Amino acid sequence: MFSVARLIQINMISHLLMIFMLVIISSNFFNPTNFDFFLLFLGGWLIDIDHVLYHLITEKNLSKKEFRKIHTYLHKFNIPRFYLFHTIEFLLLLLFINRYYLNISYFIVGYVSHLVLDSIGYIMYYKNLKWIRHWTIFYYLAGIKNKYTKEKTVL
Ligand SMILES: [Zn+2]
């Protein structure tokens, strides 16, 4: 079986491979610019920066060691948590911006591919869709505790 560090690596590599596939596919069917590829990368990979933001806000700790410890734990048990950019509301905001203000289609394509890959991981682990509650700001604001986080986030 893989170690947690290896699983995190596999997760990051799978996101990059997905972006690479999207670059190839979009290059064949459309005429993307380098900036479009940059947006694809931002949406498909860098949105995981919200893990760091969440850590900084909730733990108020800049320690790299502490961050690694918590994330190793979360990955080990595949624990879903509220991450601002991994929410349905954030997706709706992106769609709104894309529709009315700025063409960020490539960002959205990368973003959705990221969410799909993350979803596959949770579905394979939990064999249900209960974890999806953590992907809403509403659920987080309502302060409702999910049994997964209740049981496993005590470090
Ligand atoms: Zn993610």
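**Close-up 1. Helix 5 and helix 6 cross with a left-handed sense.** This is a predicted model, and here we zoom in on the pair made by helix 5 (residues 88-100) and helix 6 (residues 105-126). Their axes come within 10 Å and cross at roughly 160°. Angles over 145 degrees count as roughly antiparallel, so that is the label for helix 5 and helix 6.

**Close-up 2. Here are the residues where helix 5 meets helix 6.** Helix 5 brings Leu94, Leu95 and Asn98 to the meeting, while helix 6 answers with Ser105, Phe107, Ile108 and Tyr111. Sort the residues of this contact by character and you get 5 nonpolar, 2 polar and no charged.

**Close-up 3. The largest nonpolar core has 9 residues.** Its members are Ile19, Leu22, Leu39, Leu40, Ile47, Tyr106, Phe107, Tyr111 and Leu115. At least two residues of this core come from each of helix 1 (4-29), helix 2 (34-44) and helix 6. Helix 6 is the top contributor, giving 4 residues.

**Close-up 4. Phe107 and its contacts take centre stage.** Skip the neighbours within four places in sequence, and Phe107 is in contact with Leu39, Leu42, Gly43 and Leu94. Leu39 also belongs to the largest nonpolar core, as does Phe107 itself, and Leu94 turns up again in the helix 5 side of the contact with helix 6.

**Close-up 5. Zooming back out, the chain has 8 helices and 0 strands.** Along the sequence the pattern reads α-α-α-α-α-α-α-α. Of the 155 residues, 17% are buried. Take the contacts between residues at least 6 apart in sequence, and 74% of them join residues at least 24 apart.

Conventions:
Residues numbered from 1 in each chain as written. Predicted model: local features only at pLDDT ≥ 70, side-chain atom pairs only at ≥ 80, totals over all residues. Buried ≥ 20, exposed ≤ 12 C-beta atoms within 10 Å, placed from the backbone. Contact = placed C-beta atoms within 7 Å. Axes fitted to C-alpha atoms, helices over the stretch in contact; angles between N-to-C directions. Parallel < 35°, antiparallel > 145°, perpendicular 65-115°, else oblique. Left-handed = near helix turned anticlockwise from the far one by under 90°. Nonpolar A, V, L, I, M, F, W, Y, C, P; charged D, E, K, R; others polar. Core = buried A, V, L, I, M, F, W, Y, C linked by C-beta atoms within 7 Å.
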